[in-house]
Amino acid sequence: MPTSRPAPKATESQTLREILGQPEAWAGAVKAVEERGDALRRLLAGAPAVFCGCGTSRYLAISAARVHQEVTGMAALPLAASELFLAPEGVLLPGHRGPLVAFSRSGETTETILAARFYRERGWGPVIGVTTQADSSLGAASDLALVLPWANDQSVVMTRSFTTMLLASWMGTGLAAGDETFLGELRRLPALGARAVGASRPLAAELGRDTRLRQFVFLGLGGYLGLACEGMLKLKEMTRVVAEAYAPMEFRHGPVSIVDEATAVVLLATSRGAGYHGDLLADVKRFGARTVAVGHPLDGLGADQTLPLGADFPDRSRGLLYMPFLQLLALERALVLGRDPDRPQNLTRVVRLGG
Ligand code: F1P
């Protein structure tokens with residue numbers, strides 16, 4: 001239903017408050033996971049894992065699973081929750097055993113609850129529910145519920161809840177792997193969050209308010225694909241502007257046809273991709289795109305605009321610092337279009353089947 005409420009000023013937006021409040025919420029996640037460390041280690045270590053969710057929580061599952069596999073050395077499969085119970089033969093092998101990590105801010109999304117129940121009924125392994133809601137249906141369907149109530153966004157769109165649940169998942173991964181170096185990186189992120197938010201605001205405002213840019217493409221490698229997809233979703237939800245997300249090199253294989261002078265291509269920079277992504281940006285620039293590179297390393301990419309973030313972090317943990325920029329970009333565009341970023345068209349805070 002279109003909202004009849006006039007769009008709020010930026011300062012009145014619930015979404016903005018939640019974006020700005022992320023660093024405190026991250027600190028809470030680090031602490032909460034450490035307190036449940038033994039139980040999480042027991043459930044997560046030593047077996048292939050499945051990660052699932054819907055919408056934002058599904059994109060979170062991609063970033064969580066890719067990092068989990070890299071850090072633990074155990075297979076990790078990201079799924080849309082519905083795939084798990086509607087087409088299980090295509091995703092899990094007979095005899096599968098290992099934990100399911102199911103994400104849901106509300107803990108009430110129909111498909112995520114059904115996936116958790118289905119997984120347990122089949123005896124595939126323990127379910128870890130990561131949510132912001134105490135006493136939720138997901139919690140009831142889980143062997144261990146990791147509840148992060150301070151990250152429960154009141155806005156329809158998920159911002160703080162996405163990054164906080166992602167950091168919590170990465171912490172669980174670090175504990176399962178016993179990887180103190182990785183855990184040390186994650187423990188440093190909350191203290192750097194406020195600086196990342198502050199550094200992101202000017203470029204987010206400039207690009208978001210530049211209405212000559214009518215379509216946005218977000219590119220992310222590996223676990224950063226989940227972040228790129230989430231950047232796309234924020235823009236769609238808050239603004240209805242055309243947005244797409246790809247693994248960077250994939251963009252050249254067809255989708256590049258959409259590029260014109262009204263296109264912004266936002267690359268989420270990674271050390272691993274650096275040797276290839278300069279050529280990619282040069283290509284899309286030739287077709288007229290505005291190119292923006294976020295993160296690190298940025299040298300040699302030749303992007304029109306850059307936002308340096310997280311230079312002293314490795315790829316696996318740096319991406320969290322990129323998210324405020326993507327969220328703020330969408331918020332700025334929503335406000336310039338006179339849309340209410342807190343209340344996207346056609347969307348409710350919880351999506352229930354038949355509800
Ligand atoms: C998942 C989701 C969100 C979307 C909206 C409706 O919610 O699809 O991605 O932005 O808020 O719900 P959840 O399962 O994480 O509560």
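How many cavities of 30 Å³ or more does a search of the whole structure find? One, and we'll get to it after some ground rules.

This is a predicted model, in which local features need pLDDT of at least 70 and side-chain atom pairs count only at pLDDT 80 or more, while totals for chains, interfaces and linings use all residues. Residues are numbered from 1 along each chain as its sequence is written, and side-chain values use heavy atoms, with hydrogens and water left out.

**Stop 1: the cavity**

Select Leu40, Leu44, Phe51, Val101, Ile128, Val130, Leu146, Ala168, Ser169, Gly172 and Thr173, which line the largest cavity. A cavity here is a set of points, on a 1 Å grid over the protein atoms alone, where a 1.4 Å probe fits but cannot get out, and lining residues have an atom within 4 Å of a point. About 80 Å³ of space lies inside the largest cavity; a volume is the space filled by probe spheres set on the points, which are joined across faces, edges and corners.

Now colour by element: α3 (37-44), β4 (127-131) and α8 each give two or more residues to this cavity's lining. Helices (H or I, at least four residues) and strands (E, at least two) are DSSP runs, numbered from the N terminus. The top contributor is α8, with four residues. By class, this lining has eight nonpolar, three polar and no charged residues. Ala, Val, Leu, Ile, Met, Phe, Trp, Tyr, Cys and Pro count as nonpolar, Asp, Glu, Lys and Arg as charged, and the others, Gly among them, as polar.

**Stop 2: the helices around α8**

Keep α8 (residues 160-177) on screen and add α4 (56-72). Their axes are 9 Å apart and they pack at an angle of about 20°, which means α4 is roughly parallel to α8. Axes are lines fitted to C-alpha atoms, for helices over the stretch in contact, and angles run from 0 to 180 degrees between N-to-C directions. Angles under 35 degrees count as roughly parallel. The crossing of α4 and α8 is right-handed, meaning that the near helix is turned clockwise from the far one by less than a right angle.

Next, show α2 (residues 22-35), whose axis comes within 9 Å of that of α8 and crosses it at roughly 30°. So α2 and α8 are roughly parallel to each other, and their crossing is right-handed.

**Stop 3: the pocket**

Which residues lie nearest the centre of the largest pocket? Select Cys54, Gly55, Thr56, Met158 and Val351, from a lining of 23 residues. A pocket is an open set of points with protein on both sides within 12 Å along at least five of seven lines. This one holds about 370 Å³ of space.

Its lining has nine nonpolar, eight polar and six charged residues. At least three of the lining residues come from each of domain 1 (10-187) and domain 2 (192-336), with bounds taken from an automatic or database domain assignment. Elements supplying at least two residues each are α4, β3 (100-104), α6 (110-121) and α10 (224-239); α10 has the largest share, four residues.

Stay with α10 and add α13 (residues 323-336): their axes come within 8 Å and cross at roughly 20°. That makes α10 roughly parallel to α13, and this crossing is right-handed.

**Stop 4: two backbone oddities**

Go to Pro297, in the loop between β9 (290-295) and β10 (305-308). The peptide bond from His296 to Pro297 is cis, with omega near -5°.

Finish at Asp135, in the loop between β4 and α7 (137-140). Asp135 has a positive phi of about 55°, although it is not a glycine.

How values were computed. Angles under 35 degrees count as roughly parallel, over 145 as roughly antiparallel, 65 to 115 as roughly perpendicular and the rest as oblique.
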